[in-house]
2 protein chains.
Amino acid sequence: MQVSEMGEFGLIDRLAEMVAASSDEKLATWRQLVIGIGDDTAVWQGDTSLQLLTTDTLTQDVNFTLDMTTWWELGWKALAVNLSDIAAMGGIPRYALVSLSLPGDTEADDVTALYEGMIEIARKFGVAIVGGNVSRAPMVSITVTVHGIAGRNMLTRSKARTGDKVAVTGNPGTAAAGLKMLIERLNFNTDTAELLRNTFLKPLPRVAEGQMLVERGVAAAIDISDGLVADLSHVCKASRVGARVEIDRLPIHPAVRDNFGDSAAGLALSGGEDYELLFTAQEEIVTGIIKAASCPVTVIGEIMAEKPGEVTLIDITGKQLDLLRAGWDHFTVK
Amino acid sequence: MQVSEMGEFGLIDRLAEMVAASSDEKLATWRQLVIGIGDDTAVWQGDTSLQLLTTDTLTQDVNFTLDMTTWWELGWKALAVNLSDIAAMGGIPRYALVSLSLPGDTEADDVTALYEGMIEIARKFGVAIVGGNVSRAPMVSITVTVHGIAGRNMLTRSKARTGDKVAVTGNPGTAAAGLKMLIERLNFNTDTAELLRNTFLKPLPRVAEGQMLVERGVAAAIDISDGLVADLSHVCKASRVGARVEIDRLPIHPAVRDNFGDSAAGLALSGGEDYELLFTAQEEIVTGIIKAASCPVTVIGEIMAEKPGEVTLIDITGKQLDLLRAGWDHFTVK
């Protein structure tokens, strides 16, 4: 079987099983491992705090193209997507390593611009770039690894409980609308074009928001980079619960709703590339967060005992809708 | 200017300067950073131990080809090269993340074999594989990140002192001989062929040896994956000293000396891919290590005040030789 037939998540499940089957229990205990493969970051218990580690790769012509993305934006985004994983655990990012693969004819000034973008977001989030490596490759590829810490508590995919409200930060679908705008060369007014481009190429990971969620007692969260439905279904599988999402409650940005019409909901549900947080918690906790947060936080549904592992979409009348598509998968055809 | 004109190390120097120039001193202090860009790993001070982090990428048709390397060997080596960086700091490796980029038509069984190789070396060195990601790409690329710890002391590139002896573990040049055998389809007897292939494709990082060096008071070391001369010159630059290497003392393996004749010394000096440790220390320390080590340890030269940053090669008569070539550089043509 080819990996495109298994899909990204099928392959990850198989590899995670192999690693689990080979694991010496003594080793895991000795290593004080708290969370291994299968969450936004790995977690182990340090001497005084939880230690987080995450990595992600952006590959040319798969995750970005150089005609749509500037080198500066590429540097920003390569670090941003990893900070988002730390945010999804409620952690504080601290150190970054950069593994950069480049064709030999890459202009040194382009690499400088890439580092300028990376340095800018690193400074913004108090992250120190501490090492990495550069090597030759037929195309550009950037793997960033971020190390962070968390206090006594953190956010995981496995803590959603029946009766929890499902909430999301920001306006899912805006990033996918930005990608669509760039691919289809759509023309919008300057404000809209800038909003869409920046949301897709210069995302602001919800690091402060993740920490606030932990402080206010939230236990279950994920970032929705794979698409809202796909990532919520990861939470459902890990927590062995189901979820219902009311699509009329999706906080679609007016610029997306106005310009993308019928496809706006699809972008929000499965467009991917949103570096927003989805979390679940009891209603009073969510209400407090909505009041305190400096970004939009919207309840879009709830966790239920039925249909564990599944996400059900309903409209305003309560009628069930088909899942349009399950979200971004790196191997299977969409 | 293109990166191929700057070379790998010129590019790294430029990026390191950018990061240093942008660094907020308060941030570095707050982060308790001990070593940033420019050594085998990044190092920061944890609550009770030094924390190490390193990453390295293997790219298809640049660092390996699938007709010469099995998937199992690829998995082994992708982790081994990172363990070697931890070894070069005298550290203990603990956790690994794997970022795997694959064409969609990759056979799932090949990925399984890759993980089997990686799991085998992980178990051997007590490392837990704790996460990562998989994504689509036009060719295979593996970036592994390893986190480790060190006690109060560690090995760095910057601690070589005038009068130190320069010593090396193992038999440099054997890995490059293995690569040459595979590329040129050379035929040797089974023992030789197996030795050369395994040294190149299934290297054993000197993790225990690195820890022993620290315990015995060594302060300066590097792994010689870029080639003995290139890596010794990294030590010389970081320590602001010169070094003299007596090429007749190079511990070339008999199988390499017998089969590669005049090119054996070149393989040892600049072939690269040797995951051996080069270290410098006062003579009595080195003598103790030679007696205690379970692998070959050989004095090949000494550190001197003259010609800081440079490596001088001399023959048995004391005559200076030309540097054949400076070692492996990922961008410049050799």
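User: Which residue of chain B meets the side chain of R14(A) in a salt bridge?

Analyst: This is a predicted model, in which local features need pLDDT of at least 70, side-chain atom pairs count only at pLDDT 80 or more, and totals for chains, interfaces and linings use all residues. Residues are numbered from 1 along each chain as its sequence is written, chains are lettered from A and ligands numbered from 1 in the order in which they are written, and side-chain values use heavy atoms, with hydrogens and water left out. A salt bridge is a side-chain nitrogen of Lys or Arg within 4 Å of a carboxyl oxygen of Asp or Glu. The N to O distance is 2.8 Å here, and the partner of R14(A) is D109(B).

User: Which helix of chain B does that pair reach from R14(A)?

Analyst: Searching the whole structure gives 22 salt bridges over all chains. The pair crosses between chains, starting at R14(A) in helix α1 of chain A and ending at D109(B) in helix α4 (residues 108–124) of chain B. Helices (H or I, at least four residues) and strands (E, at least two) are DSSP runs, numbered from the N terminus. The helix you asked about is α4(B).

User: Which helix gives the most to the side of chain A that touches chain B?

Analyst: Chains A and B share 2 salt bridges. Their interface also holds 24 residue pairs in polar contact, both residues at pLDDT 80 or more; that means N or O atoms within 3.5 Å, where within protein one must be able to donate a hydrogen and the other to accept it, and residues adjacent in sequence count only if both atoms are side-chain atoms. With 11 residues, the top contributor on chain A is the helix of residues 3–22, α1(A).

User: How many square ångströms do chain A and chain B bury between them?

Analyst: The contact (heavy atoms within 4.5 Å) joins 76 residues of chain A to 75 residues of chain B. Buried area is the accessible area (1.4 Å probe) that two parts lose on being put together, summed over both. Of the total, 63% lies on carbon and sulfur atoms, and the total is about 6,400 Å².

User: Where in chain B are the edge strands of the sheet of 6 strands?

Analyst: This open sheet has the order β1-β2-β3-β6-β4-β5 (chain B) with mixed pairing, and two strands count as paired if DSSP finds at least two bridges between them. The strands that pair on one side only are β1 (33–35) and β5 (128–136) of chain B.

User: What angle does α1(A) make with β5(B)?

Analyst: Within that sheet, β2 (residues 42–45) and β3 (residues 50–59) of chain B are antiparallel over 4 bridges, and A42(B) has L53(B) as its bridge partner. Helix α1(A) packs on the sheet from the other chain, touching β4 (92–102) and β5 of chain B. Axes are lines fitted to C-alpha atoms, for helices over the stretch in contact, with angles from 0 to 180 degrees between N-to-C directions. For α1(A) and β5(B), the angle is about 175°.

User: Why is one side of β8 and of β13 of chain B left without a neighbour in the sheet?

Analyst: Another open sheet, of 7 strands and mixed pairing, runs β8-β10-β7-β11-β9-β12-β13 (chain B). The free sides arise because β8 (220–223) and β13 (320–321) of chain B stand at the edges, each with a single partner strand.

User: Which residue of β11(B) is the bridge partner of V166(B)?

Analyst: Strands β7 (residues 165–169) and β11 (residues 297–304) of chain B pair in the antiparallel sense over 5 bridges. Across from V166(B) in β11(B) sits G301(B).

User: Which residue in the turn between β1(A) and β2(A) has a positive phi?

Analyst: Strands β1 (residues 33–35) and β2 (residues 42–45) of chain A are antiparallel over 2 bridges, with I35(A) bridging to V43(A). They form a hairpin with 6 residues between them, and the residue with a phi of about 120° is G38(A).
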